[in-house]
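Good morning, and thank you for coming. Today I would like to walk through some contacts in one protein chain, and I ask you to keep the picture in view while I speak.

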Amino acid sequence: MAHILSAEDVAISLGSRPILADINLSFAQGARIGIVGPNGGGKTTLLRILTGALSPDAGRVTTVSGTRFAVLRQGDRPTAQTVQSAIHGSAEVYEWASDAHVRELHAGLIPDVPLDAKLTELSGGQRRRVALVATLCQDAEVVVLDEPTNHLDLAGVDFLANYLRQRFTRANDPGALLVVTHDRWFLDAVCDRLWEVVPGHDGAGGRDPQPGRVETYEGGYAAYILQRAERARLAQQAAEKRANLLRKELAWLRRGAPARTSKPRFRIEAANELIANEPPPRDSIELAKLASSRLGKRVVDLLNVSYAWPGGATILHEVTLRLAPGERIGILGANGAGKSSLLGLLNGTLPPTAGTVRRGQTVVAATLSQETRELDEVSHRRVVEAVADIATHVQVGKKYLSAGQLVEMLGFTRERAWTLVSELSGGERRRLQLLRLLIREPNLLLLDEPTNDLDTDTLAAIEDLLDSWPGTLVVVSHDRYLLERITDHQVAVVDGTLRDLPGGVDQYLEIVRQAADTELEASTKPTNGQLTSDQPAGGVSRAQQERQARKAMERAERRMARVNAELVELGINQGELAANGEYDQLADIGRKIAQLQDQLAELEEEWLAAGEEMERARPRS
């Protein structure tokens, strides 16, 4: 594989504070690298240095001449341009539509987004997906994605993982992928190498600050955890040896006042060096197993419950859900399906439009919302004070801890514990939000997208805490790793109803695929390059004709993406059968591939015909 980029002895500081130092990294064609680390540790700074957006204070970054970067950043501001121009610029439809991988991205990530819509008219999630497609459509050797799974549902994350895995393993694609994400399932599914940004520290009292570093690991997230555990074990052994040697040296130095003056100087210097070279410990978060209120036999029962927004359409229709004591349930569904509304019915903040809600007398519910707006009311308070406002002391096991001790256990340093809530980062606000909920001793915990803004170490600590949660747990999340880790079974909100999922997340993804296939089959198949039967009749406005043509294009795109995926899978099977000499089955697969290729050609003709119709329908300026 050809070399693309290398960073040699790179270092950068912010004022007098060192951020990163001694960074030595490289990657070649076909690399799929995941970058992990705590919030604020320097991941974005590292990306900016590697892409040339930020010059290091020391060292150098070398790239192959002409290397182009496509970068998906967080928080880009929307403009008044259309979706099509945001993705493809001024290129005509026929210029970009002939590329199969571009059509695949349109069908997989923005099937619900009109190409002529303005970005300012879209939701935040839609704009994020448009930005993702725009990045992946760029002609670049290195693709850099900063939190690409934000605002994607489970089906979207699954599509993106499959797309990236196929794109960056093709022999004729000279590209490489760098991705920053806290989605651990995505890291395992896509990445073959991980870089961990380990932050530095400010030193005691701000003296002798230490820069952060980057540690490299082979494999995905699971392999990274195993390697990191082994490195921690070896580091602990080295630390124990160092401590034993240090104790001996200090004991020798302290043998009486008269003797100290005659110590050989090299022994004193050796002891001081042991102390000075002691490496800083990795930041850790310890979540306490707090007490919870006693839970009776009944928790919450939803019986034939329906819910509609005032003056709006019905979101949930005749839903029945009975929560049992100690039950751990995950709720899946597309964005806007009604998952948060279901949580609102369970915690009593939303009244049902129809049906009955029965709630146990001993239930003490706590809800972790998607946003952290509830912290706005204590934004003027410091972290310790925001916790003490609820409880000054909390029982943890047989101990009573103060608010300050509890805050430190959650990963806030003594300095950060006295920081104003308004000055906290997104991850710190999320941790504080969770802590304020837990010290209320709830026995019904409702979590709405709990992984937002949290790094992988914090997520692991939260999962460890929830493993032994004695109450009832309901989790809404698109984080597959989290769902499969802390819930016993899952249900899905589909078309306003609740469906049980004995097969878990895999069954839900199959339901999504079947629904897409049903939608495609419902549309009349075009013939002779004509549009489908929903083509508008004479007398219809140009705008309506254009919308109908665009829908026909989108249907064709989704069908082509499905056929391409089948061709890739059959191609893999074909290679395995050829290697094993199973020629009878090989002939069958060859016939299937030929049929799919014919079908793909027909779909491409259909797509082009719809594109021409859309161009004719557009008003001429």
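How many bridges join strand 10 to strand 11? In this predicted model, the count is five, and the two strands, residues 300-308 and residues 314-322, run antiparallel. Within this pair, Asp-301 is found opposite Arg-322 of strand 11. The strands form a hairpin with five residues between them, and there Gly-311 adopts a positive phi near 75 degrees.

Let me now turn to charged side chains. As a general point, side chains that carry opposite charges can pair when their charged atoms come close. Searching the whole structure gives 17 salt bridges. I shall present three pairs and one network.

The first pair on my list is Arg-513 with Asp-158, whose closest N and O atoms lie 3.1 Å apart. Arg-513 belongs to helix 18, residues 504-522, and Asp-158 to helix 6, residues 154-167; with 355 residues separating them, the salt bridge links distant parts of the chain. Are these two residues buried or exposed? Arg-513 has a relative accessible area of 29%, so it is classed as partly exposed. Asp-158 has a value of 12%, and because buried means under 20%, Asp-158 is counted as buried.

The next salt bridge is formed by Asp-479 and Arg-184, with an N to O distance of 3.7 Å. Where do the partners lie? Asp-479 is in the loop between strand 18 (472-476) and helix 17 (480-486), while Arg-184 is in helix 7, residues 184-190. The two are 295 residues apart in sequence, so their contact ties together those parts of the chain. Both Asp-479 and Arg-184 are buried.

The remaining pair is Glu-196 and Arg-228, whose side chains meet in a salt bridge at 3.1 Å, N to O. Here a strand is tied to a helix, because Glu-196 sits in strand 8, residues 193-198, and Arg-228 in helix 8, residues 221-253. In sequence, Glu-196 and Arg-228 are 32 residues apart. Why do both count as buried? The relative accessibility of Glu-196 is 3% and that of Arg-228 is 15%, and the cut-off for buried is under 20%.

Finally, which residues are linked in a network of salt bridges? They are Arg-68, Asp-139 and Glu-141. I suggest that you locate these three in the picture, and then return to the hairpin of strand 10 and strand 11. Thank you for your attention.

Methods:
Residues are numbered from 1 along each chain as its sequence is written. This is a predicted model: local features need pLDDT of at least 70, side-chain atom pairs count only at pLDDT 80 or more; totals for chains, interfaces and linings use all residues. Side-chain values use heavy atoms; hydrogens and water are left out. A salt bridge is a side-chain nitrogen of Lys or Arg within 4 Å of a carboxyl oxygen of Asp or Glu. Helices (H or I, at least four residues) and strands (E, at least two) are DSSP runs, numbered from the N terminus. Buried means under 20% relative accessible area, exposed over 50%, partly exposed in between (1.4 Å probe, protein chains only). Two strands pair if DSSP finds at least two bridges between them.
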